[in-house]
Amino acid sequence: MSTVSLLGSDIKKSKSRDNGDTLQDELTSMIEENKVLLFMKGNRLMPQCGFSAHVIGLLEQHQANYVTFDILQDTEVRQGLKEFSNWPTYPQLYVGGKFIGGCDIVNELEEDGELADVLNG
């Protein structure tokens with residue numbers, strides 16, 4: 001049985017669109033302000049899909065300090081991020097301002113022994 005730590009936090013609600021920013025501005029800001037950011041279904045304590053749960057498990061295994069954003073709570077982000085990243089599925093992991101990929105890519109990085117380097121990059 002694994003335990004989930006609270007290293008990091010969850011982004012509850014976007015604020016920049018309330019201030020007149022575009023969705024693209026908001027996404028860029030969230031990604032740049034958080035070294036490791038996972039856009040996922042649900043949150044770190046209650047993932048709402050197996051793929052999100054798997055990536056959370058890998059991040060926890062590496063004791064990564066990460067932030068999550070629940071795309072189920074914001075339809076605009078859920079739809080707009082697909083275009084922003086040119087990636088159709090969730091979860092989506094960003095590290096150091098760069099899109100890393102979804103569950104399959106993160107899993108490949110882990111299998112190849114490269115995920116720790118990516119997260120610590």
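This is a short walk through the fold, the two nonpolar cores and a few backbone oddities of one protein chain.

Okay, one thing up front: what we have here is a predicted model. The protein has five helices and five strands, and reading along the sequence you get β-α-β-α-β-α-β-β-α-α. There are 121 residues, and 40% of them are buried. As for contacts, take those with a sequence separation of 6 or more: 63% of them join residues 24 or more positions apart. On the outside, the protein exposes about 6,900 Å², with carbon and sulfur atoms supplying 48% of that.

Let's go inside. Nonpolar side chains tend to be buried together in soluble globular proteins. Here, the largest nonpolar core has 16 residues, and Val36, Leu38, Leu59, Leu93 and Leu119 are the ones with the most contacts inside it. Who contributes? Strand 2, helix 2, strand 4, helix 4 and helix 5 each put in at least two residues. Helix 2 gives the largest share of this core, with four residues.

Leu38 is a nice one to click on. Skipping its neighbours within four places in sequence, Leu38 touches Val55, Ile56 and Leu59, then Val67, Thr68 and Phe69, and also Pro91, Gln92 and Leu93. Apart from that core there's another one, of 14 residues, and Leu23, Leu27, Ile31 and Phe39 are among them.

Two of those names bring us to helix 1, residues 23-33, and its partner helix 3, residues 75-85. Their axes are 10 Å apart, and the packing angle is about 80 degrees. Roughly perpendicular counts as 65 to 115 degrees, and helix 1 and helix 3 are therefore roughly perpendicular to each other. If you want the actual contact set, helix 1 brings Leu23, Gln24, Glu26, Leu27, Thr28 and Ile31, and helix 3 meets them with Glu76, Val77, Gly80, Leu81 and Phe84.

Now helix 4, residues 103-111. Which of its residues are buried? Cys103, Val106 and Leu109. They span an arc of only 125 degrees around the axis, which puts them on the same side of helix 4. That goes with the usual helix geometry: there are 3.6 residues a turn, so residues three or four places apart point the same way. And what covers those buried residues of helix 4? The cover includes helix 2, strand 4, strand 5 and helix 5. Right after helix 4 comes Gly113, with a positive phi near 75 degrees.

Last stop, the backbone. Look at the loop between helix 3 and strand 4, where Pro91 sits. The peptide bond from Tyr90 to Pro91 is cis, with omega near 10 degrees. And remember, Pro91 is one of the residues in contact with Leu38.

Asn86 is in the loop between helix 3 and strand 4 too. Asn86 isn't a glycine, but its phi is positive, about 60 degrees. Buried or exposed, then, this Asn86? Exposed, at 66% relative accessibility.

Gln63 is also a non-glycine with a positive phi, about 50 degrees. You'll find Gln63 in the loop between helix 2 and strand 3, and Gln63 is exposed as well, with a relative accessible area of 64%.

So, to take away: a 16-residue core with helix 2 giving the largest share, another core of 14 residues apart from it, and a cis peptide bond leading into Pro91. That's it from me.

How values were computed
Residues are numbered from 1 along each chain as its sequence is written. This is a predicted model: local features need pLDDT of at least 70, side-chain atom pairs count only at pLDDT 80 or more; totals for chains, interfaces and linings use all residues. Side-chain values use heavy atoms; hydrogens and water are left out. Buried means under 20% relative accessible area, exposed over 50%, partly exposed in between (1.4 Å probe, protein chains only). Contact means heavy atoms within 4.5 Å. Accessible areas come from the Shrake-Rupley method with a 1.4 Å probe; for residues, only the protein chains shown count as cover. The arc is that of the directions from the helix axis to the C-beta atoms. A nonpolar core is a set of buried Ala, Val, Leu, Ile, Met, Phe, Trp, Tyr and Cys residues joined through side-chain atoms within 4.5 Å. Axes are lines fitted to C-alpha atoms, for helices over the stretch in contact, and angles run from 0 to 180 degrees between N-to-C directions. Angles under 35 degrees count as roughly parallel, over 145 as roughly antiparallel, 65 to 115 as roughly perpendicular and the rest as oblique.
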